[in-house]
Amino acid sequence: MTDAPILRVAKATPPHLARRVRGLSDRAIAWIFVTPTILLLLAINIFPLIWTIRLSLTDFRANRPNREVEWVGLENYRSILTDPDIWNTMQATAHFLIWTLVLQVLIGFSLAWLINRKFRGSDMWTTIIVLPMMLSPAVVGNFWTFFYQPQIGIFNYIVSFFSGVDPASFSMIGSVTLAPWAIVIVDTWMWAPFVMLICLAGLRSIPDYIYEAAEIDRASKWRQFWTITIPMVLPFLMLAVLFRGIENFKMFDLVVQLTGGGPGSTTEVTSINLKREAFEKWRTGYASAYAIILFVTVFGLASIYVKALNKVKER
Amino acid sequence: MSGASITEPSNGQKWVAGSLVILYALITLVPFVWIMMTGFKSGPDSISYPPKVVFEPSLEGYVNLFTTQTRITADQRDTLPPPANFAEQLVRDKGMIIVGPSKFGERFVNSVIIGFGSTALSIFLGTLAAYGFSRFKVPLKDDLLFFILSTRMMPPIAVAIPIFLMYRSLGLSDTHLGMILLYTAVNISLAVWLLKGFIDEIPREYEEAALIDGYTRFQAFVKVVLPQAATGIASTAIFCLIFAWNEYAFAVLLTSGTAQTAPPFIPTIIGVGGQDWPAVAAGATIFLMPVMIFTILLRKHLLRGITFGAVRK
């Protein structure tokens, strides 16, 4: 169907013209163009994935390549799914995931709603708000540890300025109760603008005449907000949540630089836990099984979510 | 949009909305301003309490960032020739001498080589594939496109395990080529999705006209499609570049020296007794500045890039 117009041209043109459409056939061009990308992905994505599945069934250790490798079947999977420590990291991940999504949706939507009031200079301020999300999370995480220093850190100083709490009395990174919030705050600072941009596109896609019609029907502003604005922006908002959800489930660089998973293992999200198993304890087989479980989880959740998203879109 | 529309917000509303947004933007800016200021502070100023907003600017951070230094005794200092430049003077005043350049320059150059190398390759492969997907019937097209996207769902650490083993046996560990190939593989999904969107928007009639004029398919692609897609290609390239520039997980796991980029290096800048914050801040400033400039240039296409072309505005 896609190449129909081309075929039509070739068929409709007299023979002497058709002959002038020369060179490689379209089919050959299509394959030549697509194949290199597919090959690269096979070599660097699919082959490693299959290898990971294979490794996950063994007790291989990458730091001792000469040791005899034994097949252990599904033992790695069993021990991961029954390990209470893994469930702790899942909880740390869930805390991070849920709170970042809640805050980013609230802040992002509110900002978009305000920006959509079309005040003067709104484009410039939008660009400024967006800046943090393009930065390197590792470098951002590193310099936030500086802001979070008790006593000398600017974050503690500002908090104490407004609340009167002694800036040396709390440590965002050192405290078991505060550390999970330390990572939520930085991630929200970075990514609320992402939700904002997408919501803004949603708000701008609502045609004015819908509100005008509601106005004529004497619908209150409040009612317009809940029956027009929210339903029309919802598909956009859900898309933003999908992207942020996948990204934050994989979160590594920001948290590793900010808290390193500490104190203890309070902020040890799954990626950090996986890194410890794979590259510190060198339990390669075990870590491979872990990686597969994570991949299946993200993939499964994302597929269910996309189905829900499509339903909302169809409405 | 009609000016007197009943849906147009009132001036009062605009004023309140504007003030709130500007307040949020200013809060967003505090960390940036603070990090840039810290880059120009002396060591003691950077960790003083209360935090210093007014301070005497110093280039100590930048000098520390680019040099390695060693402590000397007062006697040794007396035997030295007078300092040749301001940097030496600055270091000499602290009782140290410069013994050579630091690794920051090298790491920064690595970031440039790997960033531009992988961007060029992703764009080259991505444009071809995107054109193929956009214009021709490719068997399993939708599956292939979804497959390309799903490669982004893997946590980087999960991908790094087999890549680490594969690169070790191929001799690609800690090489520029290895990192360029890896970043290309990660970026290609973004490149294909974005570029397909841009190429879909170019009317086919242009190429068809060129084909009738006697161009081959390939000539039509190079002479008609590419110039039309130039803006799309440029913004896609910037997104790929920013990703490669910012990437940390693969860099920290798969490189250690020769091919290490700046993100794993900056957090390791250590001074005497803990992190040398002015030097870290100087490094972060130099490293983040290009991305900030690109973001401002890209602002029109930002939305499209960050959503893989799903939202086009």
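Cys199(A) sits buried in this predicted model, with a relative accessible area of 0%. Over in chain B, Cys240(B) is buried too, also at 0% relative accessibility. As for disulfides, a search over all chains of the whole structure turns up zero. Here is a quick tour of the two chains, followed by a handful of residues worth a look.

**Chain A as a whole**

- Chain A is built from 14 helices and has zero strands, so reading from the N terminus you just get α-α-α-α-α-α-α-α-α-α-α-α-α-α. Its radius of gyration is 26 Å, whereas the globule rule gives 20 Å for 315 residues, so chain A is more spread out than a compact globule.
- Measuring along the principal axes, the C-alpha atoms of chain A fill a box of roughly 85 × 75 × 35 Å.
- Of the 315 residues in chain A, 51% are buried.
- Take the contacts in chain A between residues at least 6 apart in sequence, and 66% of them join residues at least 24 apart.
- Chain A shows about 15100 Å² of accessible surface, and carbon and sulfur atoms hold 66% of that.
- On the charge side, chain A carries 28 positive and 21 negative charges, and the mean positions of the two sets lie 10 Å apart.

**Chain B as a whole**

- Chain B comes to 16 helices and four strands. With a radius of gyration of 26 Å, well over the 20 Å from the globule rule for 313 residues, chain B is also more spread out than a compact globule.
- The C-alpha trace of chain B spans about 85 × 65 × 40 Å along its principal axes.
- Buried residues account for 56% of the 313 residues in chain B.
- For contacts in chain B with a separation of 6 or more, 73% are between residues 24 or more positions apart.
- The accessible surface of chain B is about 13400 Å², with 67% of it on carbon and sulfur atoms.
- Chain B has 23 positive and 20 negative charges, with their mean positions 6 Å apart.

**Residues that touch the other chain**

- Lys250(A) lies in the loop between helix H11 (221-249) and helix H12 (253-258) of chain A. Despite being a lysine in a loop, Lys250(A) is buried, at a relative accessible area of 10%.
- The partners of Lys250(A), leaving aside neighbours within four places in sequence, include one residue of chain A, Ser271(A). From chain B, Lys250(A) is in contact with Arg152(B), Met153(B), Met154(B), Pro155(B) and Pro156(B).
- Ile242(B) belongs to helix H12 (residues 230-246) of chain B and is buried, with a relative accessible area of 6%.
- Setting aside neighbours within four places in sequence, Ile242(B) is in contact with Met134(A) across the chains, and with Val291(B) and Phe294(B) in chain B.
- Ile242(B) and Met292(B) are 50 residues apart along the chain, with 9.9 Å between their C-alpha atoms.

**Loop residues with a positive phi**

- Most residues other than glycine have a negative phi, which makes the next two stops worth checking by eye.- Lys118(A) is a residue other than glycine with a positive phi, near 55°. Its loop runs between helix H5 (84-115) and helix H6 (122-130) of chain A, and Lys118(A) is partly exposed there, with a relative accessible area of 34%.
- Trp282(A) also has a positive phi, of about 55°, although it is not a glycine. Look for Trp282(A) in the loop between helix H13 (270-279) and helix H14 (284-314) of chain A.

**A glycine in a chain A loop**

- Gly73(A) lies in the loop between helix H3 (26-55) and helix H4 (75-81) of chain A.
- Gly73(A) counts as partly exposed, at 31% relative accessibility.
- Not counting residues up to four places away in sequence, Gly73(A) touches Ser56(A) and Leu57(A).
- Gly73(A) and Ala179(A) are 106 residues apart in sequence, and their C-alpha atoms are 38 Å apart in space.

Definitions and conventions. Residues numbered from 1 in each chain as written. Chains lettered and ligands numbered in written order. Predicted model: local features only at pLDDT ≥ 70, side-chain atom pairs only at ≥ 80, totals over all residues. Heavy atoms only, no water. Helix = DSSP H or I, 4+ residues; strand = E, 2+ residues; numbered from the N terminus. Rg over C-alpha atoms; globule rule 2.2 N^0.38 Å. Buried < 20%, exposed > 50% of the residue type's maximum accessible area, 1.4 Å probe, protein only. Contact = heavy atoms within 4.5 Å. Areas by Shrake-Rupley, 256 points an atom, 1.4 Å probe, with all protein chains shown as cover. Lys, Arg positive; Asp, Glu negative; His and termini not counted. Charge placed at Lys NZ, Arg CZ, Asp CG, Glu CD. Disulfide = S-S within 2.5 Å.
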